[in-house]
Amino acid sequence: GINAEYGVSDAVGWGLYAARDFTTDAFVCRYTGQLRGAEKDEDSSYCVQSAFDVVVIDARRFRGLGAFINHSSQPNVVFQSIFERGCEQLLVTALRPIERGEQLLANYSETYFGEETAESNQFVELQVNEKLMF
């Protein structure tokens with residue numbers, strides 16, 4: 001069955017929402033993208049840190065549903081790195097029980113946004129506690 005669906009909210013724009021209920025530690029989806037070096041001068045808006053410090057998983061050009069997960073300092077999902085047939089994969093799993101229609105949120109950390117945008121993200125944080133009805 002379908003685990004998650006992307007949708008648009010008036011508060012935060014695109015996001016990923018639970019299409020069913022999840023229990024703690026349940027698999028939700030994969031975060032897919034292109035493996036590349038973690039150069040500081042490149043756009044990192046769709047990047048998640050790899051298990052290796054010098055590599056990121058970049059979903060700008062090649063992405064799955066996981067790329068629609070928004071940031072929160074109170075996340076309900078987490079990225080977990082696994083290696084399957086010698087290739088790194090990022091699994092998205094539930095940190096707590098999640099109800100159908102609840103927005104899926106991960107903590108991208110301040111290092112993702114940088115200090116200059118940390119304050120502007122506080123507004124988004126206050127707006128994400130909404131549900132989509134399927």
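This report walks through an aromatic cluster, a three-stranded sheet and a nonpolar core in one predicted model.

Some housekeeping comes before the details. Residues are counted from 1 along each chain as its sequence is written. Since the model is predicted, local features need pLDDT of at least 70 and side-chain atom pairs count only at pLDDT 80 or more, while totals for chains, interfaces and linings use all residues, and side-chain values rest on heavy atoms, with hydrogens and water left out.

**Aromatic rings**

Rings of Phe, Tyr and Trp (its six-membered ring) pair if their centres lie within 6.5 Å; planes under 30 degrees apart make a stacked pair, over 60 an edge-to-face one, and the rest are tilted. That rule gives 4 aromatic pairs here, and two that involve Y6 are set out below.

| Pair | Centre to centre | Angle between planes | Type |
|---|---|---|---|
| Y6 and W14 | 5.4 Å | 55 degrees | tilted |
| Y6 and F68 | 4.9 Å | 15 degrees | stacked |

The Y6 and F68 pair links distant parts of the chain: Y6 sits in strand β1 (residues 4-9) and F68 in the loop between β6 (55-58) and β7 (70-71), 62 residues apart. Strands here are DSSP runs of E, at least two residues long, numbered from the N terminus. Put together, Y6, W14 and F68 make one aromatic cluster. Y6 is partly exposed at 47% relative accessibility, and W14 is partly exposed too, at 48%. On this scale buried means under 20% relative accessible area and exposed over 50%, with partly exposed in between (1.4 Å probe, protein chains only).

**The sheet**

Now for the open sheet: 3 strands, in the order β3-β9-β8, with antiparallel pairing. Two strands count as paired if DSSP finds at least two bridges between them. β3 (27-31) and β8 (77-84) are the edge strands, each with a single partner, so one side of each has no neighbour in the sheet. Between β8 and β9 (residues 87-94) there are 8 bridges, and F79 has V92 in β9 as its bridge partner.

**The core**

A nonpolar core is a set of buried Ala, Val, Leu, Ile, Met, Phe, Trp, Tyr and Cys residues joined through side-chain atoms within 4.5 Å. The largest one has 22 residues, and Y31, I69, V77, F79, V92 and L104 touch the most other members. β2 (13-18), β3, β8 and β9 each supply at least two residues of this core. Leaving aside neighbours within four places in sequence, F79 is in contact (heavy atoms within 4.5 Å) with residues including Y31, I69, V92 and Y108.

Terms used. Helix = DSSP H or I, 4+ residues; strand = E, 2+ residues; numbered from the N terminus.
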